[in-house]
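Ready for a few short exercises on side-chain geometry? Have a look at the model, then work through each task before reading its solution.

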Amino acid sequence: REDDDWEVRDAARQALINFGSKAKASVLKDLPYLVTSGETDARLTGIELCGVFGATEARDALVKVAIYETKGDAAPVLRMFAARALEGCGAAEAAADLLKNVRADSRLRDHQVYSVRALGYIRHAAAFEGLVGMFDHIDEKGNFEHNETMLRECELALERLTARRFGRKPDIWRKWYAAADHPLFPTIEKFDRTANRAEVKRGGLYGL
């Protein structure tokens, strides 16, 4: 919070994380206010630690940073840090707060786009369903009610959340979600090069 050297501050940040539960009371007492402080590095540290230690009292401030922070070169980073931190500060409630801004509107505003983007960092069923639900809104002519920019941002958010691409097809998304073991914690399947090479040799492929 106070040291002038960013390396010292970063070391302190890591130490607090390593202390874990022993540091929680101090973090929750002293750090939430850093979310809205004037010093960017301190804000980033405060935001991250609020997420790590579950500072639910900072949730409203984090939502505001995630969708309304626009000033300065650091604004995109601050928005991303705040969105990631929200997962640890009451994910369901945070998703509900963000979804209040996700509505079909003829006049698109930045905070609406940023709300959709932030949902892609919150690994919770409420965030997933809120994003997929955007594809349910179709007018009488069969066109999506949401703006194209919002729809594209929704696709990117779902990909970030699930590591999958199913386009704008809510039925497919929901079918996959119901069948997946851990849909919001995607893993990359292990590629066994040794077994693959042995199979290739047995088949006499590629000159091996």
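Rings of Phe, Tyr and Trp (its six-membered ring) pair when their centres lie within 6.5 Å, and a pair is edge-to-face when the planes are over 60 degrees apart. Keep in mind that this is a predicted model.

**Exercise 1.** Find how many aromatic pairs there are, and classify the one formed by Phe-166 and Trp-173.

*Solution.* The count comes to 7 aromatic pairs. For Phe-166 and Trp-173, the centres are 4.9 Å apart and the planes make an angle of 75°, so the pair is edge-to-face under the over-60-degree rule. Next, check the surroundings: Phe-166 is partly exposed at 24% relative accessible area, whereas Trp-173 is buried at 2%.

**Exercise 2.** Follow Trp-173 to its partner Trp-176 and describe the geometry of that pair.

*Solution.* Start with the rings: Trp-173 and Trp-176 are 6.2 Å apart centre to centre, with 85° between the planes, which makes them edge-to-face. Then look at the backbone: both belong to helix 10 (residues 170-179), and being 3 residues apart separates them by about one helical turn. Both are buried. Finally, widen the view: ring pairs join Phe-128, Phe-166, Trp-173, Trp-176 and Tyr-177 in a cluster.

**Exercise 3.** Which ring does Arg-79 lie over, and which ring has the charged end of Arg-160 over it?

*Solution.* Arg-79 lies over the face of Tyr-114, 3.8 Å from the ring centre. For Arg-160, the charged end sits over the ring of Tyr-121, at 4.3 Å from its centre.

Methods:
Residues are numbered from 1 along each chain as its sequence is written. This is a predicted model: local features need pLDDT of at least 70, side-chain atom pairs count only at pLDDT 80 or more; totals for chains, interfaces and linings use all residues. Side-chain values use heavy atoms; hydrogens and water are left out. Rings of Phe, Tyr and Trp (its six-membered ring) pair if their centres lie within 6.5 Å; planes under 30 degrees apart count as stacked, over 60 as edge-to-face and the rest as tilted. Buried means under 20% relative accessible area, exposed over 50%, partly exposed in between (1.4 Å probe, protein chains only). Helices (H or I, at least four residues) and strands (E, at least two) are DSSP runs, numbered from the N terminus. A charge sits over a ring if NZ of Lys or CZ of Arg is within 6 Å of the ring centre and within 35 degrees of the ring normal.
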